[in-house]
Amino acid sequence: MVELAAPPSLRAREKAIADRFIGGFPWVMVLWPLVNTTLWLSLWPLVMTGLLPLWAGFLIATVNVTAAYLPSHDAQHHIIVPEGSRWHWFNELIGWYSLIPMFVPLSVLRVTHFEHHRHTNDPALDPDYPMAASTLAGALGKALVKGQPLHERYGETLRRLGTPAAKQAMLHGMVMKVLQYSILAGLAWTGHVWEALLLWWLPLKIGSVYINVYLSWAPHQPMSRRGRYQDTRAFRSMWGNIGSSGMQYHIIHHLYPTIPLSRNPAAFRALRPILEERGCDLGGL
Amino acid sequence: MRLIAFGFSLGPILFGIGFLAPLIAALLDAAGLRAPFGVSPLTAGLIVGSLLGLVARQRRTWLW
């Protein structure tokens, strides 16, 4: 008598497909900050010596600052080099280096981002929940509010956690904040106020609105649903996958956070039948 | 810790003095405007910048 093996469960099939996209060395995420941050740093001497006009520097810097976050996101999840490897320091180096234009510590983003994964769309515990809004206009407004003094929730999250990693991140955050505003003030008081404004401060403000809207709000809106297959959605962006920083496929990241960003589209296409079966919001993608 | 928290709560005022003041002075210069009462652009920047910072600290916002 032949015994028929039970068909694998939906979750097992899902995981088997996802596993095909985990691993490998994400070259794009390594080259990206090496080009992006280095270009941003080079803007300063280029503009200050008059080799590049300030308006051009402003446009380039805005792209640089806006693009600085994503490679750090792969580093936050230890995707570039996994924890335990003797090369893990390289993961941390890329993560920190990519964030220089934003001047935010990798440690702060990692601890708070992991909380976002644990408590996605939880009004009390998700550090990104202050972006909750039902419309794009509302999200833009929330992004502006989040940029006001004492309105972001990352510091509060670190205090609530109180773990050694959170305490270390808090210290890093304070040191970086003091350093950043000291550099800005130093530039402003030594005759470089326009460079400080247009190569750093204003690009930061513009970039943070984009990042909050596209990375925090768009894949989770209206941020009212909870649960593994409900709290994140796929969507079609008018700016395409690159213009939306890969967020069209963010649902894959929340299901399998160690799949590199560059592989999320392929993983989405492979997992689509299962996601449909699960009743996920695929946003017509 | 309280002292550090107090120091950070002064952030908007320090930003007003450290960054806004020279920025306002540069804006006045660029626009060819003179500050009232014969004060220098930098003095005007310091007055306006620190006042804006004080208001932002108390209201916890720069915008409304």
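This is a friendly conversation about how some labels in this predicted model are reached.

User: Why is the pair A:Phe25 and A:Phe90 called stacked?

Analyst: The two ring centres are 6.5 Å apart, and the planes meet at 25 degrees. Planes under 30 degrees apart count as stacked, so that is the label for this pair. A:Phe25 sits in the loop between α1 and α2 of chain A, while A:Phe90 belongs to helix α5, 65 residues apart. These two rings also belong to one aromatic cluster, together with A:Trp27, A:Trp87 and A:Trp89.

User: What makes the pair A:Tyr181 and B:Phe15 edge-to-face?

Analyst: Look at the angle here: the planes stand at 80 degrees, with the ring centres 5.5 Å apart. An angle over 60 degrees counts as edge-to-face, so the name follows. This pair crosses between chains, from helix α9 of chain A to helix α2 of chain B.

User: How do you know which of these two, A:Tyr181 or B:Phe15, is buried?

Analyst: Compare each value with the limits. B:Phe15 has a relative accessible area of 10%, which is under 20%, so B:Phe15 is buried. A:Tyr181 comes to 30%, between the limits of 20% and 50%, so A:Tyr181 is partly exposed.

User: What makes A:Arg228 count as lying over the ring of A:Tyr256?

Analyst: A:Arg228 lies over the face of that ring, at 5.2 Å from the ring centre. The distance limit is 6 Å, and the direction must also be within 35 degrees of the ring normal. A:Arg228 appears in another setting too, since salt bridges with shared partners join A:Glu14, A:Arg228 and A:Arg278 into one network.

User: Why is the link between A:Glu115 and A:Arg118 called a salt bridge?

Analyst: The closest N and O atoms of A:Glu115 and A:Arg118 are 2.5 Å apart. The cut-off is 4 Å, so the pair qualifies as a salt bridge. Both residues are in helix α6 of chain A, three residues apart, or about one turn of the helix.

User: Which other residue meets A:Glu115 in a salt bridge?

Analyst: That is A:Arg160, with an N to O distance of 3.0 Å. This second pair links distant parts of the chain: A:Arg160 is in helix α8 and A:Glu115 in helix α6, 45 residues apart.

User: Is A:Glu115 buried or exposed, and what about A:Arg118?

Analyst: A:Glu115 has 2% relative accessibility, under the limit of 20%, so A:Glu115 is buried. A:Arg118 reaches 56%, over the limit of 50%, so A:Arg118 is exposed. A:Arg160, at 39%, falls between those limits and is therefore partly exposed.

User: What makes the link between A:His78 and A:His88 a polar contact?

Analyst: Their side chains are joined at 2.8 Å. The distance limit for a polar contact is 3.5 Å, so this value fits. A:His78 lies in the loop between α4 and α5 of chain A. A:His78 is also buried, because 12% relative accessibility is under 20%.

User: Why is B:Thr61 called buried?

Analyst: B:Thr61 has 3% relative accessibility, and anything under 20% counts as buried, so the label fits. B:Thr61 is in the segment after α3 of chain B. Not counting residues up to four places away in sequence, B:Thr61 touches A:Gln148, A:Pro149 and B:Ala56.

User: How do you know how much area is buried between chain B and chain A?

Analyst: The size of an interface is often given as the accessible area lost when the parts come together. For chain B and chain A the value is about 1700 Å², and carbon and sulfur atoms give 83% of that. On the chain B side, B:Phe8, B:Phe19 and B:Arg60 supply 35% of the area buried against chain A, more than any other three residues. The contact takes 21 residues from chain B and 19 residues from chain A.

User: How many salt bridges and how many residue pairs in polar contact are found across this interface?

Analyst: The rule finds zero salt bridges between chain B and chain A. There are four residue pairs in polar contact across the interface. On the side of chain B that touches chain A, α2 gives the most, with eleven residues.

Note on methods. Residues are numbered from 1 along each chain as its sequence is written. Chains are lettered from A and ligands numbered from 1 in the order in which they are written. This is a predicted model: local features need pLDDT of at least 70, side-chain atom pairs count only at pLDDT 80 or more; totals for chains, interfaces and linings use all residues. Side-chain values use heavy atoms; hydrogens and water are left out. Rings of Phe, Tyr and Trp (its six-membered ring) pair if their centres lie within 6.5 Å; planes under 30 degrees apart count as stacked, over 60 as edge-to-face and the rest as tilted. Helices (H or I, at least four residues) and strands (E, at least two) are DSSP runs, numbered from the N terminus. Buried means under 20% relative accessible area, exposed over 50%, partly exposed in between (1.4 Å probe, protein chains only). Contact means heavy atoms within 4.5 Å. Buried area is the accessible area (1.4 Å probe) that two parts lose on being put together, summed over both. A salt bridge is a side-chain nitrogen of Lys or Arg within 4 Å of a carboxyl oxygen of Asp or Glu. A polar contact is a pair of N or O atoms within 3.5 Å; within protein, one must be able to donate a hydrogen and the other to accept it, and residues adjacent in sequence count only if both atoms are side-chain atoms.
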